[in-house]
Amino acid sequence: MPKSRSRPLAIALVLLALPVFIFGFSTWQKIRLDESSSNSAISITQQLYSSGSSANLVNSLHADLAQQMTAEQWQATVNSQLLRLGPMTAMTEMRGEAAVPMVTYPGQRVAANYEIDIEFGETPTTLYVEILWDGSDWRITEYRLDAPVLYD
């Protein structure tokens, strides 16, 4: 008799443990992708505006965005921004996160969106960054600095 009860109990425990495992893995995946995406956005931005070289940015572009502007055009844009705004003095705040579904699978589209407040001297600006996980690295699909001084 005890043998017949142990089998349904074991099945019930496995069925209860499965959602807990899936939720735990998804939570771990979300934390990992949030951290790596924000680190990627920050490091590319710091390198870009501290050195003035767009090489790291260009190497991180998604193919769709890379087709819109050449490496020389990206460099000219950065040079123009730094000429008008001056050197970057601080990155003050970052908002956003990776949009990771509850259940993840290989090849799934995972994107992250960030708004980064940056100061160039006395000029506050906002950088909009959208990145897409390609399975091994983050690829930039949007990178736009918004500052009223740039539109004059």
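Strand β3, which covers residues 123-133, is joined to β4 by 8 bridges, and the two strands run antiparallel. Within this pairing, E130 has E142 of β4 as its bridge partner. These details, like those that follow, come from a predicted model.

The pairing of β3 with β4 belongs to a wider arrangement. An open sheet is formed by 4 strands, placed in the order β1-β2-β3-β4, and its pairing is antiparallel. At the edges of the sheet lie β1 (88-99) and β4 (138-146), each of which pairs on one side only. On average, neighbouring strands of the sheet are turned by 20 degrees against each other, when direction is ignored.

A helix also meets this sheet. Helix α4, formed by residues 71-85, packs on the sheet and touches β2 (110-120), β3 and β4. The direction of α4 makes about 35 degrees with that of β4.

Both α4 and β4 reappear in the description of a pocket. The second largest pocket of the model has a volume of about 170 Å³. Its lining consists of 13 residues, and those nearest the centre of the pocket are M69, W74, T77, Y143 and R144. Three elements, namely α1 (2-51), α4 and β4, each give two or more residues to this lining. As for chemical character, the lining residues of the second largest pocket divide into 8 nonpolar, 3 polar and 2 charged.

The edge strand β4 thus links the parts of this account: β4 is bridged to β3, is touched by helix α4 and gives residues to the lining of the second largest pocket.

Definitions and conventions: Residues are numbered from 1 along each chain as its sequence is written. This is a predicted model: local features need pLDDT of at least 70, side-chain atom pairs count only at pLDDT 80 or more; totals for chains, interfaces and linings use all residues. Side-chain values use heavy atoms; hydrogens and water are left out. Two strands pair if DSSP finds at least two bridges between them. Axes are lines fitted to C-alpha atoms, for helices over the stretch in contact, and angles run from 0 to 180 degrees between N-to-C directions. Contact means heavy atoms within 4.5 Å. On a 1 Å grid over the protein atoms alone, a cavity is a set of points where a 1.4 Å probe fits but cannot get out, and a pocket is an open set with protein on both sides within 12 Å along at least five of seven lines; lining residues have an atom within 4 Å of a point. Grid points are joined across faces, edges and corners, and a volume is the space filled by probe spheres set on the points. Ala, Val, Leu, Ile, Met, Phe, Trp, Tyr, Cys and Pro count as nonpolar, Asp, Glu, Lys and Arg as charged, and the others, Gly among them, as polar.
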